[in-house]
Amino acid sequence: MSDSVDLIMPKMGESIAEATILKWLKKEGDDIKIDEPVLEIATDKVDSEVPSPVEGKLGKILFQEGDVVAVGDSVAKIITAGGGADSSAPAREEAETEPARAESGSGKESRTASALTSGETKGELKSRTEGGKFYSPLVLNIARREGITSGELEAMEGSGREGRVTKKDILAYVSNGRKAQEKQEQPAQSAAPAGQPSDKITVQEKPQAGIKEMDVPLYPGDEIIEMDRMRKLISAHMVHSKHTSAHVTSMVEVDVTNLVKWRDRIKKDFEKREGEKITFTPIFIEALAKAIRDFPMINISVAGDKIIKRKAINIGMAAALPSGNLIVPVIRNADEKNLLGLTKAVNDLAKRARENKLKPEEIQGGTFTLTNVGTFGNVMGTPVINQPQVAIMAAGAIKKKPAVLETEDGDVIAIRHMMFLSHAYDHRVVDGMLGGSFVRRVADYLEAWDVNRTL
């Protein structure tokens, strides 16, 4: 009997249940060294490569490019020394192991927050039906959000292995089902009059309850550009956040003159000593971490009618990629790092984000997000909350402005370095007092900057 090893779809994070195969880097029969990348995969968080756990030859490829594969499934067979004749052997029977796979992950502690309100204990939707069909946690979460019944799931045709329903299948079902229903309800339309668009394209940002498709007119000379995979994910994530959270934004203007003067004074020596630049981002993150300690109820998530109070202060920093897309690497335990440590962490994550070298775990687990819109010359912004967080702060551009200063000799007008902080928060659980007080506290920390501070 030939010796073979299963190449398993790895777990890319505690909330990741499946991944899409982007590209096979090896063909059947190719030699493979240990730890050599065999294929590229993508989740809704990040792209990554899957290395070989052993040395040998690539035997049977079990899934093709574009297939969505559950975490823990075998994607290929690797023939080790002494094997080869059995490279076309089928994948092992998985029916008995799949339910355990869906619940295992990192144990009970790593269950997603949606499980608190998913209704699994009430028997509404289960990972395996009486008919024997298996559904991944991701598919079940989408079904619950869209109000899809167990009967509809059972009748749904799946494109995955052994007829399994994938994320693509269930989203297509929601989209096509609504489209067919609207066609039945709408009367036939007459031809467009002169001067009106000659054609139109139907688009849908994300199939969700209460969000209908819209017809977008096309005019002569228009160009249709297909969104890349990351832009589609960002689009869906933003619409989902607006659909989920009641966004409210509080803003304050901050006098950061002392901070700017301090940075101008130390930045050359810092770069010469450390070999890298110090930007305003780690300074903002330090102030955020201090304010979160003062107001821990801003560091929460919502699961139905339950509030999850986070222990760790993990601050994500929104970073623009060369492609124009957005990614949010996370600085874990930001409150435990000094300013030097934050600076090095920010520079490292930003550099590797631009090079597409972030690890999956480095963009997960954030509890609060900072976006620096001042980088683009914007004085303020109203950011969209990064779910499942409940708040995000935007730092605007620092501008010289005339400002009134109170002195012992009376009020004077002086040129100061001023900026706006915009704090968007989820009004379901964060009221104006908390949201406004929090952003004011961040401003207080920045305004009280010690010009004699050493680094």
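User: What handedness does the crossing of α7 and α8 have?

Analyst: In this predicted model, the crossing of α7 and α8 is right-handed. That label applies because the near helix is turned clockwise from the far one by less than a right angle.

User: Why are α7 and α8 called oblique to each other?

Analyst: Look at the angle: the axes of α7 (residues 281-294) and α8 (residues 339-354) cross at roughly 125 degrees, coming within 9 Å. Roughly perpendicular covers 65 to 115 degrees, and roughly antiparallel needs over 145. The angle fits neither, so α7 and α8 are oblique.

User: Which residues make that contact?

Analyst: From α7 you've got Thr-281, Pro-282, Ile-283, Ile-285 and Glu-286, and from α8 there are Leu-339, Leu-342, Thr-343 and Val-346. Sorted by class, the contact of α7 with α8 has six nonpolar, two polar and one charged residues.

User: OK, and what makes α6 roughly perpendicular to α8?

Analyst: Again, it's the angle. The axes of α6 (residues 257-274) and α8 cross at roughly 70 degrees and come within 14 Å. Since 65 to 115 degrees counts as roughly perpendicular, α6 gets that label relative to α8. The crossing of α6 and α8 is right-handed.

User: How do you know that α6 and α8 meet, and which residues are involved?

Analyst: Contact means heavy atoms within 4.5 Å. Trp-262, Phe-270 and Glu-274 in α6 meet Leu-339, Leu-340, Thr-343 and Lys-344 in α8. The residues of this contact of α6 with α8 split into four nonpolar, one polar and two charged.

How values were computed:
Residues numbered from 1 in each chain as written. Predicted model: local features only at pLDDT ≥ 70, side-chain atom pairs only at ≥ 80, totals over all residues. Heavy atoms only, no water. Axes fitted to C-alpha atoms, helices over the stretch in contact; angles between N-to-C directions. Helix = DSSP H or I, 4+ residues; strand = E, 2+ residues; numbered from the N terminus. Parallel < 35°, antiparallel > 145°, perpendicular 65-115°, else oblique. Nonpolar A, V, L, I, M, F, W, Y, C, P; charged D, E, K, R; others polar.
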